[in-house]
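Hello,

Here is the structure I promised to pass on. Please open it first, then read my notes below.

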Amino acid sequence: TTTSVVSSTLTMRTSTATNLTSTATTTSIYTTTMPASGCSSLQIECFQNAYDTAGNIDGVVRTCGDSSVGCNVSCDATWEVKCTDTTGHSYCEMSSVGCPVTCGVGQKFCYGKIYNKAGSIIGRSTTCANESVQCGCDAQWEDTCTED
């Protein structure tokens, strides 16, 4: 495997994964079919984000992967999570973003709020529920809720 730092300036291709009415954009590991400098004609070029100690993307690490297998998806354990799209392909996403929620046939998206111990909203959540049931409410902080 050939590994090198490509640049301290990050310019990446953006890929979009869509499922039903939800769209998620990722900018982590991706591949190209053109051999990179140091990759053989039987390999593909793979890219992975490099992070500084504060978790900011400060470059890209390039490796060569086997073209018959694809890139080895090895996410940075400190700053990334491994996600899998609806086609079964894995990729890395920043931990602060998380993996997109994908609901199956007969399911709907439910959007909720995340509360801290004092009852202040500190975030939002997305889950899936069967189309035949109402999305849930936070019993501690919400008296009632209605679906739009």
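Which residue in β10 stands opposite glycine 112? Serine 125 does. Before going further, please note that this is a predicted model.

The hairpin

That pair belongs to two strands at the end of the list. Strand β9 covers residues 107–115, and strand β10 covers residues 121–130. The two run antiparallel. Nine bridges join them. Together β9 and β10 form a hairpin, with five residues between the strands. Look at glycine 119 in the turn: its phi is positive, about 95 degrees. As a general point, side chains in a regular strand alternate between the two faces of the sheet.

The whole chain

Now step back. The protein chain has 10 strands and zero helices. From the N terminus on, every element in the order is therefore a β: β-β-β-β-β-β-β-β-β-β. The chain has 148 residues, and 28% of them count as buried. Its accessible surface comes to about 9,700 Å². Carbon and sulfur atoms own 49% of that surface. Take the contacts with a separation of 6 or more: 39% of them are between residues 24 or more positions apart.

The disulfides

A disulfide is a covalent bond between the sulfur atoms of two cysteines. How many disulfides does the count come to? The count is six. I looked at three of them, one by one.

Start with cysteine 39 and cysteine 64. Their sulfur atoms are 1.7 Å apart. The torsion about the S-S bond is about -90 degrees, so this disulfide is left-handed. Cysteine 39 lies in the loop between β4 (30–32) and β5 (43–51), while cysteine 64 lies in strand β6 (residues 57–66), so the pair ties together parts 25 residues apart in sequence. Both cysteines, 39 and 64, are buried.

Next come cysteine 46 and cysteine 71. Here the sulfur atoms are 1.9 Å apart. The S-S torsion is about -95 degrees, so this link is left-handed. Cysteine 46 sits in strand β5 and cysteine 71 in the loop between β6 and β7 (80–84), so the pair ties together parts that are 25 residues apart in sequence. Cysteine 46 is buried, and cysteine 71 is buried too.

Then there are cysteine 83 and cysteine 99, with sulfur atoms 1.9 Å apart. This link is left-handed, with -95 degrees about the S-S bond. Cysteine 83 lies in strand β7 and cysteine 99 in the loop between β8 and β9, so the pair ties together parts 16 residues apart in sequence.

Is cysteine 99 buried or partly exposed? The cut-off helps here: buried means under 20% relative accessible area, and exposed means over 50%. Cysteine 99 has 38%, so it is partly exposed. Its partner, cysteine 83, has 1%, so cysteine 83 is buried.

One methionine

Finally, find methionine 94. It lies in strand β8, residues 90–94. Its relative accessible area is 24%, so methionine 94 is partly exposed. Which residues does methionine 94 touch, not counting those up to four places away in sequence? The list is Tyr51, Gly55, Ile57, Trp79 and Glu80. Cysteine 83 is 11 residues from methionine 94 in sequence. In space the two are 10.0 Å apart, C-alpha to C-alpha.

Best wishes

Definitions and conventions:
Residues are numbered from 1 along each chain as its sequence is written. This is a predicted model: local features need pLDDT of at least 70, side-chain atom pairs count only at pLDDT 80 or more; totals for chains, interfaces and linings use all residues. Side-chain values use heavy atoms; hydrogens and water are left out. Helices (H or I, at least four residues) and strands (E, at least two) are DSSP runs, numbered from the N terminus. Buried means under 20% relative accessible area, exposed over 50%, partly exposed in between (1.4 Å probe, protein chains only). Contact means heavy atoms within 4.5 Å. Accessible areas come from the Shrake-Rupley method with a 1.4 Å probe; for residues, only the protein chains shown count as cover. Two strands pair if DSSP finds at least two bridges between them. A disulfide is a pair of cysteine sulfur atoms within 2.5 Å.
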